[in-house]
Amino acid sequence: ETCIERGGRRVDERLSSGRHHLSPDEVAADQQKRLFKALAAVMGEKGYSDTTVGDLIKHARVSRATFYQQFESKQDCFMAGYTRMQSNVLGGLRATPVSGSPMTRFRAMLTNYLNFLAADPATARLYLVEVYAAGPEALRRRMQLQQDFVAGVAEVFAARSKADRFACQALVAAISMLVTGALADGDAQAILALEKPLVEFTERALPASLH
């Protein structure tokens, strides 16, 4: 069975019955969603390298044929999930208010980011920690996400000089390291608790001209 949001209500549908009211796109979207959840659950326990396609389809309750209709391989599934997460993270970063002081806007950006990670630590851990076992393309995507974060911080603080942009890069690297440590323990509260010390650190670490 699967649950689909329709008209504000959760509707249980038995996809295997052959008779349901879901469009092919809705069925495919639900199957993808379950496979992405399976990635976080199974890889969170077994790690990327030891997880098989068989593990994923068993946890997601889809057939092997269904999996290969959606993805070419385990890595293809992982990268599709990463793309989805990356889009959500960047959407949260770009939701930063356009008014207020740079520190006010930075705090809003940081809060959005930490809240997103804390809402689903298993998935966040998958794409920020297990990503290192997923191959060169996954690492490039991980680095690109971090650079997008740097660009957002640099924009908030109107960083123009090479030194100011480096300060923003160092700040994001520190955030990434601390978040990764909290995610390794799967502790949502530890992720949220980073906000106050990170804001205080930013006020001290960045040049006063950027505040």
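Colleague: Buried here means under 20% relative accessible area, and exposed means over 50%. With that in hand, is Cys-168 buried or exposed?

Modeller: This is a predicted model, and in it Cys-168 is buried, because its relative accessible area is 0%. Cys-77 also counts as buried, since its relative accessibility is 0%.

Colleague: And how many disulfides does the count come to?

Modeller: The count comes to zero disulfides, where a pair of cysteine sulfur atoms would have to lie within 2.5 Å to qualify.

Colleague: Let's step back to the overall fold. How many helices and strands are there in the chain?

Modeller: The protein chain has 10 helices and two strands, and read along the sequence these follow the pattern β-β-α-α-α-α-α-α-α-α-α-α. The C-alpha trace spans about 65 × 40 × 30 Å along its principal axes.

Colleague: What percentage of the residues is buried?

Modeller: Of the 211 residues in the chain, 42% are buried. As for contacts with a separation of 6 or more, 60% of them are accounted for by residues 24 or more positions apart.

Colleague: I keep looking at H7. What does H7 reach from its first C-alpha to its last?

Modeller: H7, which covers residues 136-156, has 21 residues and reaches 30 Å from end to end by C-alpha, close to the 30 Å expected at 1.5 Å a residue.

Colleague: Which elements do its buried residues pack against?

Modeller: The buried residues of H7 pack against H4, H5, H6 and helix H8 (162-184). Among those buried residues are Arg-142, Gln-146, Phe-149, Val-153 and Val-156.

Colleague: What comes after H7, and what is the sign of its phi?

Modeller: H7 is followed by Ala-158, with a positive phi near 50°. Ala-158 sits in the loop between H7 and H8, and it counts as partly exposed because its relative accessibility is 39%. For context, most residues other than glycine have a negative phi.

Colleague: Where does Arg-61 sit?

Modeller: Arg-61 is a residue other than glycine with a positive phi, near 60°, and its place is in the loop between helix H2 (53-60) and helix H3 (64-70). Arg-61 is exposed, because its relative accessible area is 52%.

Colleague: Switching to empty space: how many cavities of 30 Å³ or more turn up?

Modeller: A search of the whole structure finds two cavities of that size. The largest cavity has a volume of about 70 Å³, and its lining includes Val-89, Leu-93, Arg-142, Gln-146, Phe-149 and Ile-175. H7 gives the most to that lining, with four residues, and by class the lining has eight nonpolar, two polar and one charged residues.

Colleague: And which element gives the largest share of the lining of the second largest cavity?

Modeller: That is H4, with four residues. The second largest cavity holds about 30 Å³ of space and is lined by Asn-88, Val-89, Gly-92, Leu-93, Asn-112, Tyr-113 and Phe-116, a set with four nonpolar, three polar and no charged residues.

Colleague: Now the open ones. How much space lies in the largest pocket?

Modeller: About 310 Å³ of space lies in the largest pocket. It is lined by 15 residues, and the closest to its centre are Arg-84, Asn-88, Phe-116, Asp-120 and Thr-123. Helix H1 (24-46), helix H4 (74-93), helix H5 (102-119) and helix H6 (121-128) each supply at least two residues of this lining, which divides into eight nonpolar, three polar and four charged residues.

Colleague: What volume does the second largest pocket have, and what lies closest to its centre?

Modeller: The second largest pocket has a volume of about 230 Å³, and of its 13 lining residues the closest to the centre are Leu-93, Arg-94, Met-109, Gly-152 and Glu-155. H4, H5 and H7 are the elements that give two or more residues to the lining, and H7 gives the most, with five. The lining residues divide into seven nonpolar, two polar and four charged.

Colleague: One last spot: what does Ala-188 touch?

Modeller: Leaving aside residues up to four places away in sequence, Ala-188 touches Ala-118 and Pro-121. Ala-188 lies in helix H9 (residues 188-192) and counts as partly exposed, because its relative accessibility is 21%. Ala-188 and Ala-122 are 66 residues apart in sequence, while their C-alpha atoms are 9.6 Å apart in space.

Technical notes
Residues are numbered from 1 along each chain as its sequence is written. This is a predicted model: local features need pLDDT of at least 70, side-chain atom pairs count only at pLDDT 80 or more; totals for chains, interfaces and linings use all residues. Side-chain values use heavy atoms; hydrogens and water are left out. On a 1 Å grid over the protein atoms alone, a cavity is a set of points where a 1.4 Å probe fits but cannot get out, and a pocket is an open set with protein on both sides within 12 Å along at least five of seven lines; lining residues have an atom within 4 Å of a point. Grid points are joined across faces, edges and corners, and a volume is the space filled by probe spheres set on the points. Ala, Val, Leu, Ile, Met, Phe, Trp, Tyr, Cys and Pro count as nonpolar, Asp, Glu, Lys and Arg as charged, and the others, Gly among them, as polar. Buried means under 20% relative accessible area, exposed over 50%, partly exposed in between (1.4 Å probe, protein chains only). The expected span of a helix is 1.5 Å times one less than its number of residues. Contact means heavy atoms within 4.5 Å.
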